[in-house]
Amino acid sequence: MSSPARPRILVVFGTRPEAIKLFPLVHALRRTTADVRVCVTAQHREMLDQVLEIAEITPDYDLDLMLPNQSLDTLTARLLTEVGKVMDTDKPDRVIVQGDTATAMVGALTAYYRKIPVAHVEAGLRSGNIYHPWPEEVNRKVVGAIADLHFAPTDTSRDALLAENVPATRIHVTGNTVIDALIETRARVDSDPSLAAAMEPLAARFAGKRIVAVTTHRRENFGDGLKSVAQAVRRIARRSDVAVIFPVHPNPNVRGPMAEVLGGLDNVAMIDPLDYPNFVRLLSLCYFVMTDSGGVQEEAPALAKPVLVLRETTERPEGIAAGTAKLVGNDEEVIVTEASRLLDDRAAYEAMARAHNPFGDGKSSDRIARIVLDSFT
């Protein structure tokens, strides 16, 4: 075990959103005296690699556990075994996980089995429904039961932890690191537009139209929910003043329904998932966003883009309360109605676009790094 003077910190993540939210923290920790190691599970292989390349992070451990359509229990079992081996080899003084994935839950659990303290980045998000988002809501609660440092992005998430009897001294409101990542990446794209060159043909193709950005991947929407979302997108795209850019998640449960309903439409560009600089460029280009992603609910308001949330509940109620986002679920009529309101009612659009983003100021990673280092003194 390394000495407190140079504590060994193992950062564990596996998906693209985790990588986006953790790369600024990895950089911040590496500016300290800590010995920082990175373990990736590759729960999202290609999309994860895109972020690692842009962030200039080479993992110390790459478990490459992604398999097509593997079940949650199979994934969890494989994660437990392989992440456990890494911890036995690395012997970290602290483990850091982020968010709500199977990787985050298992990273915390395997650390607990070895009595290694756990820090949870983006702690305290709760929808109050264990099946929405599923399985993420329970993943977060498991991590919350184990962690001794809880980095809550907002006062609301802090209050949720306090309601679960987490000691106040273990909770730190830091803002969300995704805003750090967004600000850093947008600055890089502004200084070097070639980083987001993949978006330029679409920007030219849809010049003069208002672009609606769409993302969807949540398991609870699989099946009829995604079909309903696709039908709504099809109706919105019928407008001559609108174009839709839709980076489609590689999961066949998403690609199949979307291709069936939206394939061949002139005003809809279904494209492969974007690397992070190109996604930031898409957020800059679009008029508003329709998504079931948690991270996008935080990112888009930072660029003054309204968000229609394709879910029945959200563990990020701060955006709803602030007016930057609105829950629309996966009902076709509700989606079309709310999208039309943003397109046709300028006052409604401006009210959402100008609302204050409650999720951060771009300095969260430095705050977290300082607190982590102070935990060893």
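**Sheet, cores and aromatic pairs in a predicted model**

Strands E1 (residues 8–13) and E4 (residues 94–98) run parallel and are paired over three bridges. Pairing requires at least two DSSP bridges between two strands. Helices (H or I, at least four residues) and strands (E, at least two) are DSSP runs, numbered from the N terminus. Val11 has Ile96 as its bridge partner in E4. The model is predicted: local features need pLDDT of at least 70, side-chain atom pairs count only at pLDDT 80 or more, and totals for chains, interfaces and linings use all residues. Residues are numbered from 1 along each chain as its sequence is written, and side-chain values use heavy atoms, with hydrogens and water left out.

The strands E1 and E4 belong to an open sheet of seven strands with parallel pairing, in the order E3-E2-E1-E4-E5-E6-E7. Strand E3 (61–62) and strand E7 (171–173) stand at the edges. Each has a single partner strand, so one side of each is left without a neighbour in the sheet. E5 and E6 also pair in the parallel sense, over three bridges. Val121 stands opposite Phe151 in E6. From E6, Leu149 and Phe151 point one way, and His150 and Ala152 point the other way. All four residues are buried, that is, under 20% relative accessible area (exposed is over 50%, partly exposed in between; 1.4 Å probe, protein chains only).

Two helices were examined against the sheet. Contact means heavy atoms within 4.5 Å. Axes are lines fitted to C-alpha atoms, for helices over the stretch in contact, and angles run from 0 to 180 degrees between N-to-C directions. H1 packs on the sheet and touches E1, strand E2 (35–40), E4 and strand E5 (118–121). The direction of H1 makes about 165 degrees with that of E1. Helix H16 (residues 364–374) also packs on the sheet, touching E1, E4, E5, strand E6 (149–152) and E7. The direction of H16 makes about 170 degrees with that of E6.

A nonpolar core is a set of buried Ala, Val, Leu, Ile, Met, Phe, Trp, Tyr and Cys residues joined through side-chain atoms within 4.5 Å. The largest has 60 residues. Those with the most contacts inside this core are Ile9, Val11, Phe13, Leu29, Ile96 and Val372. Helix H1 (residues 16–30) gives the most to this core, with eight residues. Leaving out residues up to four places away in sequence, Ile9 touches ten residues by name: Leu29, Ala34, Asp35, Val36, Arg37, Arg94, Ile96, Val372, Leu373 and Phe376. Another core, of 32 residues, lies apart from the largest one; among its members are Ala230, Ala237, Tyr287 and Met290.

Rings of Phe, Tyr and Trp (its six-membered ring) pair if their centres lie within 6.5 Å; planes under 30 degrees apart count as stacked, over 60 as edge-to-face and the rest as tilted. Three aromatic pairs result. Tyr112 and Tyr113 are tilted, at 6.1 Å centre to centre and 45 degrees between the planes. Tyr113 is exposed, at 54% relative accessibility. Tyr287 and Tyr349 are stacked, at 4.0 Å and 15 degrees. Tyr287 lies in the loop between helix H11 (276–285) and strand E11 (288–291), and Tyr349 in helix H15 (residues 346–353), so the pair ties together parts 62 residues apart in sequence. Tyr287 is buried at 12%, and Tyr349 at 6%. Tyr287, Phe288 and Tyr349 form one aromatic cluster.
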